[in-house]
2 protein chains.
Amino acid sequence: MRALRRRLTRAGLSGLIVTHLPDLRYLCGFTGSSAALAVTRWRACLFTDGRYGQQASEETQAAKVEVVTSSAAVAAVQWMAAQPGVRLAGFDPAWTSVAELARWKAALPGRLRRSLLAAVPGPMVERLRAVKDDDELVLMTEAARTGCTLFERILKYIRPGMAEVEIAAELEHQARLLGAEGMSFETIVASGARSALPHGRATGIPLPRRGFLTLDFGIIRNGYCSDMTRTIFLGKPRANERSVYQAVLEAQETAVATVAAGVRCGDVDEAARSILRREGLAEAFSHSTGHGVGLEIHEPPRIGAGQTSKLMPGMVVTIEPGVYLAGRFGIRIEDMVAVARTGRQILTPAPKALIEL
Amino acid sequence: MRALRRRLTRAGLSGLIVTHLPDLRYLCGFTGSSAALAVTRWRACLFTDGRYGQQASEETQAAKVEVVTSSAAVAAVQWMAAQPGVRLAGFDPAWTSVAELARWKAALPGRLRRSLLAAVPGPMVERLRAVKDDDELVLMTEAARTGCTLFERILKYIRPGMAEVEIAAELEHQARLLGAEGMSFETIVASGARSALPHGRATGIPLPRRGFLTLDFGIIRNGYCSDMTRTIFLGKPRANERSVYQAVLEAQETAVATVAAGVRCGDVDEAARSILRREGLAEAFSHSTGHGVGLEIHEPPRIGAGQTSKLMPGMVVTIEPGVYLAGRFGIRIEDMVAVARTGRQILTPAPKALIEL
């Protein structure tokens, strides 16, 4: 909250309306699914509805709690308007819909309708969230380790003929038993030619006797997301399957090795891309190299071509190059990597050499 | 798509930009997580990125597919601007952020920046989605039945001393095995005094020897969400616990009995609320009576106090009154109900008399 207030002052704002739930959780600890937070330089108030009254008063730190029967966000805007000394309050235009902003303005008295609210120039809270403090890094390390434990367990479970969804079901079940609150995104289990779908949902299709199997999954633990991908082989890979795997692995490891404070995100992406280009696989790598991760599965920074923003100590990003050959097979390898003061720390210690089952 | 085009014509629009994923799925069948659709009176084009190229061409109906390397929504807006005869294109202000709209406008040539895009007056596609056709009703009936099967299975699994999360884990595992793609929201397992939290997340807390246990869960199957709640009792309930349960059950059944085409949503809410008011429990019922459900877990219509919109045949809503006595206990009972041409059909046949385990 203190760091946010410094940023508010620097941006010439006397307050901020926060409605994006991960931002709320980050700033005041509230974990429910409906609330709005108004922050001024001196005060903060969380508005929520009757379903969350008790939970909000138990969880919320550094803000007063008000239970309202109408829109929490409108109540937050009206509270803001009534604070003495508040002239200009920011809101995040990325998390405020056009319709919502119209409702907020309609609830303000005429003279404030045009003057009170201003879109903040960049994602103010998300930028704070991008740099994790030590407590957060502990939680993220735990989440990533739980992911690795899950990978070990699922390797022992996989049998030929099993349906992709059975693997997803077992993985998610074990995740719960290991203390996950849920999965951070829809589990990807894509086998055979389906591994060429970068986001292949698990289907009822039985595993082929031979072919790649991509597992891309993440858990949520204490609010923080993990994200990892491993591609394994069922049966014996052919020489060209092995060599494409090696190319992806080299691209991944090369990109990981460039992760360090002060490095441009675009340069990390290029590190992976240049390896695949050398192997004639540039076209087959159809997405960015990675993304920030934390309370949300996708957060700043974006590790993509041309991104000029620089990595900072405390950022946690995924490094996940892939190659997708439509109708044939696909391979992706992904770790979570924390940017350290010097160098980096890989949060996903699971092995990456090609596993043959 | 045809019904949408009629609505566009009626609203004086020559096109619509669609970015909300459930709307996309509804209109053209695409199930990926990143795309935008541009619809004119004569043509439709889906824009997505490289990760979804193959999937989009397999799934998409009634629209051309274009894979783009930059923003899919910006590409859709630019395509729209280039269509002959398109003067005014709508977008849904509830699903378009202030930042996104600014990006769209910045990508248009100067003269179109002010004139091309207009917020549609109400949720155009969501309103179509609110009324389910026969195929959708079959899928929703299946999803709701799967929910009931899950409830039966979990009843057999629950044992005293078990942690709430174990129950959630087993429920979610069984859901997968029954063909669910995932859960439609975070499973609620709230026991003892925690049942007074309307949205009590499952915790590691062991079940008490006596007390209420609320299970509120939903699955996603073929894209459609189910939603049901049952509150059971562990041990022997006291007379007052029994009588509050009866009051909630009466409120729920009374509200269900009012569901019919032409009835105002606010009147359905009032049917439940008036029963609880009579029992002196009005204050303890701190949320709305229900909501529409379909491709999303919360859709129009809202079954809340004062809502004047009317139920239409084909709508599917939840009816879920509850009573929450902080520090003591809570009870909620929820069914999915389809509005028929005459009367209604309850999609959740699981028993509602108080179960004592």
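This report looks at how two protein chains meet in a predicted model, and at some of the cysteines in chain A.

Residues are numbered from 1 along each chain as its sequence is written, and chains are lettered from A in the order in which they are written. Because the model is predicted, local features need pLDDT of at least 70 and side-chain atom pairs count only at pLDDT 80 or more, while totals for chains, interfaces and linings use all residues; side-chain values use heavy atoms, with hydrogens and water left out.

**Two copies and an axis**

Let's start with the overall arrangement. A turn of 180 degrees, with a shift of 0.0 Å along the axis, lays chain A on chain B with an RMSD of 0.0 Å (a least-squares fit on the C-alpha atoms of residues with pLDDT of at least 70 in both copies). The two copies are thus related as by a two-fold rotation axis. Which residue of chain A comes closest to the rotation axis? That is Ser97(A), whose C-alpha lies 2.0 Å from it.

**Where the chains meet**

Contact here means heavy atoms within 4.5 Å. Chain A brings 35 residues to the contact, and chain B brings 35 residues. The copies meet through the same surface, because 100% of the interface residues of chain A are also interface residues in chain B.

The size of an interface is often given as the accessible area lost when the parts come together. For chain A and chain B this buried area (1.4 Å probe, summed over both parts) is about 3,000 Å², with 57% of it on carbon and sulfur atoms. Three residues, Arg51(A), Val98(A) and Arg176(A), supply 23% of the area that chain A buries against chain B, more than any other three.

Arg176(A) also forms a salt bridge with Glu172(B), where the closest N and O atoms are 2.8 Å apart. Between the chains there are 2 salt bridges (a side-chain nitrogen of Lys or Arg within 4 Å of a carboxyl oxygen of Asp or Glu).

**Cysteines**

A disulfide is a covalent bond between the sulfur atoms of two cysteines. With the rule used here (cysteine sulfur atoms within 2.5 Å), the count is 0 over all chains. The table shows two cysteines that are in no disulfide; both are buried (under 20% relative accessible area, with a 1.4 Å probe and protein chains only).

| Cysteine | Nearest cysteine sulfur | Relative accessible area |
|---|---|---|
| Cys148(A) | Cys225(A), 15 Å | 6% |
| Cys265(A) | Cys225(A), 19 Å | 0% |

Definitions and conventions:
Buried < 20%, exposed > 50% of the residue type's maximum accessible area, 1.4 Å probe, protein only. Buried area = accessible area lost by both parts, 1.4 Å probe.
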